[in-house]
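Me: I am new to this structure and would like to learn how to read its features one by one. Could you take me through them slowly?

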Amino acid sequence: MGYVLQEPTPRLPLDTASLIPLLQSNATALAELDPPVKHPLSLLSHLTSLPTPDPYTLPSGDILSPPEPSGIHARKLVIFGDCSGGTSNPVFEEMCRNPSLLIHECTNSAIPELVQRGEKGRKVRMKGMDDGLVKRSEDQTGKKVGHEGHNGDEQQSRAERDAKKVEDMRKKAQKRGHSTPAEVGEFARKIQARRVVVNHFSAM
């Protein structure tokens, strides 16, 4: 299930300092209309109602116009709960296009082998770190951080394992009716989302 929440076009504030005296001066004539306008200041809320109303002509001949657009972009929120590939749909994409914020569930993520937890991941995360910080980490853990070289075959093997992990995770998420971070990212790119939040609610 998903939702698209679209804010009305933001408009400039009413010039009440000019409008209130004008409405008060027309109060008697407004009360004699059919149907009557017993409370002339109620026309202020009429001018800001939705959908935007047509200009209103007072008995005096003065025309009251709704406030002009402020030029501020209206906010648009797109929210998707548990889903698996359902947002990959041209109709959905058009409905959701250019949101201020996309909130989309996602669950399983395939973490590349190099950044997994453990000694290998620690080496990768500390690569390029200041020597003083590396020394401090070694003192705390009692382990020496080195940078092992890898030949082309080993790197290719790791890439193949990572690719398989990505595909396995995608199938697992799809089987359970969920999306992966990669699928959310692709959908966000297609609809040109300005910001993205990924989340998931599970029973504990």
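Reply: Let us begin with a loop residue, keeping in mind that this is a predicted model: Q192 lies in the loop between α8 and β6, and its phi is near 60°, a positive value in a residue other than glycine.

Me: Is Q192 buried, exposed or partly exposed, and why?

Reply: Burial is read from relative accessibility, where buried means under 20%, exposed means over 50%, and partly exposed lies in between. Q192 has 48% relative accessibility, so it counts as partly exposed.

Me: Which residue in the loop between α4 and β5 can I read in this way?

Reply: That residue is N98, whose phi, near 55°, is a positive value in a residue other than glycine; with 40% relative accessibility N98 counts as partly exposed.

Me: How is the sheet ordered, and which strands stand at its edges?

Reply: The sheet is open, and its four strands follow the order β1-β4-β5-β6 with mixed pairing. The edges are held by β1 (2-6) and β6 (196-199), and because each has a single partner strand, one side of each is left without a neighbour in the sheet. From one strand to the next, the twist averages 10°.

Me: What packs on this sheet?

Reply: Helix α8, residues 181-191, packs on the sheet and touches β4, β5 and β6, while its direction makes about 155° with that of β5.

Me: Where is the cis peptide bond whose omega is about -5°?

Reply: That bond joins L50 and P51, and P51 sits in the loop between α3 and β2.

Technical notes. Residues are numbered from 1 along each chain as its sequence is written. This is a predicted model: local features need pLDDT of at least 70, side-chain atom pairs count only at pLDDT 80 or more; totals for chains, interfaces and linings use all residues. Side-chain values use heavy atoms; hydrogens and water are left out. Two strands pair if DSSP finds at least two bridges between them. Helices (H or I, at least four residues) and strands (E, at least two) are DSSP runs, numbered from the N terminus. Axes are lines fitted to C-alpha atoms, for helices over the stretch in contact, and angles run from 0 to 180 degrees between N-to-C directions. Contact means heavy atoms within 4.5 Å. Buried means under 20% relative accessible area, exposed over 50%, partly exposed in between (1.4 Å probe, protein chains only).
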